[in-house]
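Trainee: Could we go through this model together, with the reasoning behind each label spelled out as we go?

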Protein chains: 2
Amino acid sequence: MNSKKIPDIIIGRLPIYLRALQRMKEEGIQTTSSQELGRQVGISAAQIRKDISQFGEFGKQGTGYNISFLIEKLSEILKVDRVWEVAVVGAGDMGHALVNYQGFLHRGFRITMIFDNHPSKIGQKIGDFVVQDVARLGEAIREAGVKVAMITVPASVAQEVADQLVQAGVKAILNYAPIKLKLSPDVQVQYIDPSRHLQRMTYYL
Amino acid sequence: MNSKKIPDIIIGRLPIYLRALQRMKEEGIQTTSSQELGRQVGISAAQIRKDISQFGEFGKQGTGYNISFLIEKLSEILKVDRVWEVAVVGAGDMGHALVNYQGFLHRGFRITMIFDNHPSKIGQKIGDFVVQDVARLGEAIREAGVKVAMITVPASVAQEVADQLVQAGVKAILNYAPIKLKLSPDVQVQYIDPSRHLQRMTYYL
């Protein structure tokens with residue numbers, strides 16, 4: 001892999017390409033072009049070629065991309081050629097939905113623990129998991145070496161939970177709480193914000 | 001508003017700016033600069049100035065942006081200077097989470113109906129709502145003139161639900177099901193895909 005600094009906006013597009021390629025592979029397709037991939041994801045062929053060429057020569061002029069090969073390469077680049085353990089904090093509706101969600105495993109992630117602070121939730125079973133006391137969060141995450149977490153607690157306690165996660169060694173947080181987290185710059189944070197997606201669509205209505 | 005076609009990638013950034021501006025306003029801040037806004041959202045000041053200038057002259061050289069004014073303008077552009085009624089299809093964990101989510105109303109959206117097809121869920125109360133039979137979906141959406149919907153059903157039935165929504169007049173769909181929807185190009189679709197956000201972070205780990 002290239003050691004030069006790749007713009008984050010490009011990194012943000014790679015999972016979109018990877019997803020589309022995996023879908024094509026599931027449909028039995030073996031090769032594709034930047035044009036076809038572009039149609040699938042709504043990004044120009046030129047942009048796709050430029051983005052992918054940042055990491056090496058993965059396509060061939062005239063024959064396009066071998067889908068399995070490109071999936072392998074993009075998975076390596078995004079480090080999802082392995083499975084990351086993920087902790088969920090907050091066993092409300094959203095926590096339940098995430099634990100029951102079937103879409104993580106073939107994308108490189110497996111939820112392995114869920115925490116809450118409410119006595120009525122601690123000890124409760126969700127799927128194969130028992131909700132653990134958030135007081136055990138630091139110890140459990142450190143012991144398991146978990147680096148990735150999702151926060152689904154109310155906004156009022158999200159910052160506190162994020163701080164605890166980072167202290168326990170978590171380096172990447174997906175935040176569902178509607179609040180911007182203030183964390184050290186070496187911690188990755190992403191936000192799920194449905195209103196943002198809705199607003200992007202109403203522009204066109 | 002300008003009548004020229006604005007690239008969709010710019011439209012996609014406007015909700016991010018709007019959100020950050022609303023947060024600043026809540027903190028009592030009255031003016032900001034493209035530099036400060038850039039720091040808040042992780043986008044370059046030059047990019048922000050370029051994006052916003054597509055729609056008019058909303059800032060002043062030297063004094064920056066009046067936050068309330070820019071919020072008003074961006075809200076008009078994104079058409080969230082009003083409140084859109086939203087239908088939710090799927091009363092599982094995710095449907096519950098969305099109906100109970102407090103973050104929609106001040107961003108321009110209000111969930112007004114929720115549907116499911118399962119006898120054990122139809123008639124169930126979620127917050128102020130009664131889950132309606134999905135068989136009534138078309139009629140209810142047409143009657144109310146709802147244009148925006150969120151799909152939280154399993155992937156296997158998401159396409160069918162989307163088709164029904166579009167037939168009933170829905171023009172914008174936020175899809176939580178892990179499947180790409182095939183719809184007429186005049187229907188807006190956005191996807192919530194947590195794995196994509198996770199993969200964007202693991203690159204840096």
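Trainee: How many residues does each chain bring to the contact, and what makes a pair of residues count as touching?

Mentor: This is a predicted model, and in it the contact takes 45 residues from chain A and 44 residues from chain B. Two residues are in contact if their C-beta atoms, placed from the backbone, lie within 7 Å.

Trainee: Which elements give two or more residues to the side of chain A that touches chain B?

Mentor: They are α1 (8–26), α5 (93–100), β10 (172–175), β11 (188–191) and α8 (194–202) of chain A. The largest share, 9 residues, comes from α8(A). By type, the residues on this side of chain A divide into 23 nonpolar, 12 polar and 10 charged.

Trainee: What makes the arrangement of chain A and chain B the relation of a two-fold axis?

Mentor: A turn of 180° with a shift of 0.0 Å along the axis lays chain A on chain B with an RMSD of 0.0 Å, and that is why the relation is the one of a two-fold axis. The same surface serves both copies, since 98% of the contact residues of chain A recur in chain B.

Trainee: Which residue of chain A comes closest to the rotation axis?

Mentor: That residue is A:Asp93, whose C-alpha comes to 2.5 Å from the axis.

Trainee: Why is A:Arg49 called partly exposed?

Mentor: A residue is buried if 20 or more other C-beta atoms lie within 10 Å of its own, and exposed if 12 or fewer do. A:Arg49 has 17 C-beta neighbours inside 10 Å, and therefore counts as partly exposed. A:Arg49 lies in helix α3 (residues 45–53) of chain A, and its C-alpha atom is separated by 8.6 Å from that of A:Gly59, 10 residues apart along the chain. For chain A as a whole, 40% of the 205 residues count as buried.

Trainee: Are the residues of strand β10 (residues 172–175) of chain B buried or exposed, and which way do they point?

Mentor: B:Ala172 and B:Leu174 point one way from the strand, while B:Ile173 and B:Asn175 point the other way, and all are buried.

Trainee: What makes β10(B) a partner of strand β9 (residues 148–151) and of strand β11 (residues 188–191) of chain B?

Mentor: Two strands pair if there are at least two bridges between them. β9(B) and β10(B) pair in the parallel sense over 4 bridges, with B:Met150 standing opposite B:Leu174. The chain crosses from β9(B) to β10(B) through helix α7 (residues 155–167) of chain B, and this β-α-β crossover is right-handed. Another 4 bridges join β10(B) to β11(B), which run parallel, and there B:Ile173 stands opposite B:Val189.

Trainee: Which are the edge strands of the sheet β1-β3-β2 in chain B, and why are they called that?

Mentor: These 3 strands form an open sheet with antiparallel pairing, in the order β1-β3-β2. β1 (31–32) and β2 (59–60) of chain B are its edge strands, as each pairs on one side only. The pairing of β1(B) with strand β3 (residues 64–66) of chain B rests on 2 bridges, which satisfies the requirement of at least two. The bridge partner of B:Thr31 in β3(B) is B:Asn66.

Trainee: Which helix lies across β1 and β3 of chain B?

Mentor: Helix α4 (residues 67–77) of chain B lies across them, running at about 75° to β3(B).

Note on methods
Residues numbered from 1 in each chain as written. Chains lettered and ligands numbered in written order. Predicted model: local features only at pLDDT ≥ 70, side-chain atom pairs only at ≥ 80, totals over all residues. Nonpolar A, V, L, I, M, F, W, Y, C, P; charged D, E, K, R; others polar. Least-squares fit on C-alpha atoms with pLDDT ≥ 70 in both. Right-handed = clockwise from strand over helix to strand, strands pointing away. Axes fitted to C-alpha atoms, helices over the stretch in contact; angles between N-to-C directions.
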